[in-house]
Structures are given as C-alpha cells and as structure tokens.
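Student: I have a structure to go through with you. Could we take it piece by piece?

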Amino acid sequence: MERPGKILCVGRNYREHAKEMGNEVPTTPLVFLKPASSVIAAGAPIVIPAGTGRVDFEGEIGLVIGTRLRRATAAEAAAAVQGVVAVNDVSARDLQKSDPQWWRAKGQDTFCPIGPMRAGTPDFGALEMVTRVNGQERQRGLSRDMVFPIPDLIAFISSAMTLEPGDVVITGTPEGVGPLAHGDQVEVEVVGWSRVANPVVVEA
Ligand code: ZN
C-alpha cells in the first residue's frame with residue numbers, strides 16, 4: 001500500500017484487553033501516533049532490534065480515510081471511510097513501561113504491518129478481527145465489544161487533528177496479546193476485508 005501520512009492509534013478500547021494489562025478503561029479515547037516510517041507491507045519482516053526485551057503483537061482493525069475530515073460528526077466520520085485494512089500494532093512492552101511517551105515502544109521501523117485495503121464502507125459494529133501466530137489463533141475481537149465505536153473515535157480524532165486522505169486509524173486490540181520471537185510468522189486478519197502476515201526476525 002501507499003504509505004499513509006499518519007497513523008492514529010487507540011489504546012485500551014476493549015475492556016478485556018485493558019484488564020489483561022492491568023489498566024482501567026479510559027473515559028475519553030486514549031490516542032497516540034505511529035510514524036509513517038514504521039509501516040511495512042504483508043510479507044516484509046518485523047525486525048526486533050537486539051536487546052529490546054518483550055515485543056508483542058496487537059492485531060487491530062484499521063480504517064483508511066478517503067476524504068479530508070476536520071471537526072467531524074460521527075456520521076461524517078463514517079461517511080469519510082474509504083476502506084478497511086488489517087494492522088499489527090507491534091509494541092515493545094519494556095519501553096512502553098519505561099517511557100512516558102510511546103515513540104520507541106510503538107514507532108520503531110517495521111512495527112506497523114498494514115495489509116492491502118479492501119474498499120467499501122463496513123458495518124462498523126459488525127467487524128471481526130483474528131490474530132494467528134504460527135497458524136494458531138491468539139486473538140479474536142469483535143468491533144461491537146469496543147469501548148468507543150469506530151465513527152466516534154474518528155470524529156474525536158478529527159476534533160484535534162485534520163485527517164487527510166490515506167491516513168489510517170487503528171482501533172485498539174482485544175485480549176490475547178503476547179510476545180513475538182525470532183522465526184515466528186504472525187498474521188492479522190479482518191474477516192472478509194484484509195489480511196497481513198509477516199515473519200519475525202531479531203536483529204543480530
Ligand atoms: Zn494497539
């Protein structure tokens with residue numbers, strides 16, 4: 001895919017995942033950014049820098065913005081979605097704990113695999129996401145279990161930052177996150193929409 005201008009991410013948007021990490025569910029969306037330089041396509045390796053500590057997969061449903069959005073309503077936000085992508089929000093947990101901001105934990109090169117976009121407007125409350133590691137199912141999430149519905153998230157983000165065509169919004173990961181190791185094959189699928197599979201290597 002073409003590299004997005006920016007990637008907006010939402011943390012703790014599923015109750016069970018917030019709980020497994022020992023966090024409360026936020027009362028306003030917890031939003032952060034991943035840089036465009038972290039994006040890789042399906043098939044490209046996720047490279048874990050040597051000495052990084054625990055690095056987890058986070059399978060997520062991603063939405064690609066098709067039209068410019070600023071201070072949008074939820075209905076306007078829904079209408080501006082161009083298509084759906086599968087995204088892996090690869091996360092270095094030790095750095096996520098030690099740094100007040102998540103630029104290193106979430107923003108390293110290759111830490112944002114994005115699958116090919118299928119164009120169309122989904123039923124935002126009926127999306128399903130599956131993560132598999134070495135062919136074994138590890139996560140299964142339903143968008144209807146999100147704390148904040150997808151159109152509300154996009155509208156909230158557009159209240160602070162203009163969303164441009166090609167920007168990607170990823171909507172949080174369900175429970176079941178776990179570490180990646182050298183030689184793993186990790187796959188995120190948004191059922192019926194997009195799939196991204198990548199090998200994992202630890203940098204020598
Ligand atoms: Zn995430």
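Student: What covers the buried residues of α5?
Tutor: In this predicted model, the cover includes β1 (7-11), β2 (30-34) and β6, together with α2 (74-79), β7 and β13 (168-170).

Student: How many residues of that helix, α5, are buried?
Tutor: Helix α5 spans residues 150-158, and 7 of its 9 residues are buried, so the helix is largely enclosed by the rest of the structure.

Student: And which ones are they, in α5?
Tutor: The buried residues of α5 are Ile-150, Pro-151, Leu-153, Ile-154, Ala-155, Ile-157 and Ser-158.

Student: Turning to the metal, which residues coordinate the zinc ion?
Tutor: Glu-58 and Glu-60 each coordinate the zinc ion through OE, and Asp-89 does so through OD, at 1.9 to 2.1 Å. The spacing of these donor residues in sequence is E-x1-E-x28-D.

Student: Where do Glu-58 and Asp-89 lie?
Tutor: Glu-58 belongs to the loop between β5 (55-57) and β6 (59-65), while Asp-89 belongs to the loop between β7 (81-88) and β8 (91-92); the pair therefore ties together parts that are 31 residues apart in sequence.

Student: Are Glu-58 and Asp-89 buried or exposed?
Tutor: Both Glu-58 and Asp-89 are buried.

Student: Which residues does Arg-93 contact, leaving aside its neighbours within four places in sequence?
Tutor: Glu-58, the zinc ligand, is one of them. The others are Met-21, Arg-54, Asp-56, Lys-106 and Val-177.

Student: Where is Arg-93 found, and is it buried or exposed?
Tutor: Arg-93 is part of helix α3, which covers residues 93-98. Its relative accessible area is 5%, and burial requires a value under 20%, so Arg-93 is buried.

Student: What joins the side chains of Arg-93 and Gln-96?
Tutor: They are joined by a polar contact of 2.7 Å.

Student: Different topic: how many disulfides does a search of the whole structure find?
Tutor: The search finds 0 disulfides. For Cys-9, the nearest cysteine sulfur is that of Cys-112, 6.5 Å away. Cys-112 is likewise in no disulfide, and its nearest cysteine sulfur is that of Cys-9.

Student: Why is 6.5 Å not enough for a disulfide between Cys-9 and Cys-112?
Tutor: A disulfide is counted when two cysteine sulfur atoms are within 2.5 Å, and the sulfur of Cys-112 is 6.5 Å from that of Cys-9.

Student: Are Cys-9 and Cys-112 buried or exposed?
Tutor: Cys-9 is buried, at 0% relative accessibility. Cys-112 is also buried, with a value of 0%.

Student: What about Gln-108: where is it found, and what does it touch?
Tutor: Gln-108 sits in the loop between α4 (103-107) and β9 (112-113). Not counting residues up to four places away in sequence, Gln-108 touches Ser-38, Pro-49, Leu-95 and Trp-103. Its relative accessibility is 18%, and Gln-108 counts as buried.

Student: Finally, the whole chain: how many helices and strands does it have?
Tutor: The protein chain has 5 helices and 16 strands. Its radius of gyration is 15 Å, close to the 17 Å given by the globule rule for 204 residues, so the chain is as compact as a globular protein of that length.

Student: What share of the 204 residues is buried?
Tutor: Buried residues account for 55% of them. Among contacts in the protein chain with a separation of 6 or more, 77% come from residues 24 or more positions apart.

Student: And how much area does the protein chain expose?
Tutor: The exposed area is about 8,900 Å², of which carbon and sulfur atoms supply 51%.

Note on methods. Residues are numbered from 1 along each chain as its sequence is written. This is a predicted model: local features need pLDDT of at least 70, side-chain atom pairs count only at pLDDT 80 or more; totals for chains, interfaces and linings use all residues. Side-chain values use heavy atoms; hydrogens and water are left out. Donors are N, O and S atoms within 2.8 Å of the metal (3.2 Å for Na, K and Ca); water is not among the atoms, so sites may look incomplete. Helices (H or I, at least four residues) and strands (E, at least two) are DSSP runs, numbered from the N terminus. Buried means under 20% relative accessible area, exposed over 50%, partly exposed in between (1.4 Å probe, protein chains only). A polar contact is a pair of N or O atoms within 3.5 Å; within protein, one must be able to donate a hydrogen and the other to accept it, and residues adjacent in sequence count only if both atoms are side-chain atoms. Contact means heavy atoms within 4.5 Å. The radius of gyration is taken over C-alpha atoms; the globule rule is 2.2 Å times the number of residues to the power 0.38. Accessible areas come from the Shrake-Rupley method with a 1.4 Å probe; for residues, only the protein chains shown count as cover.
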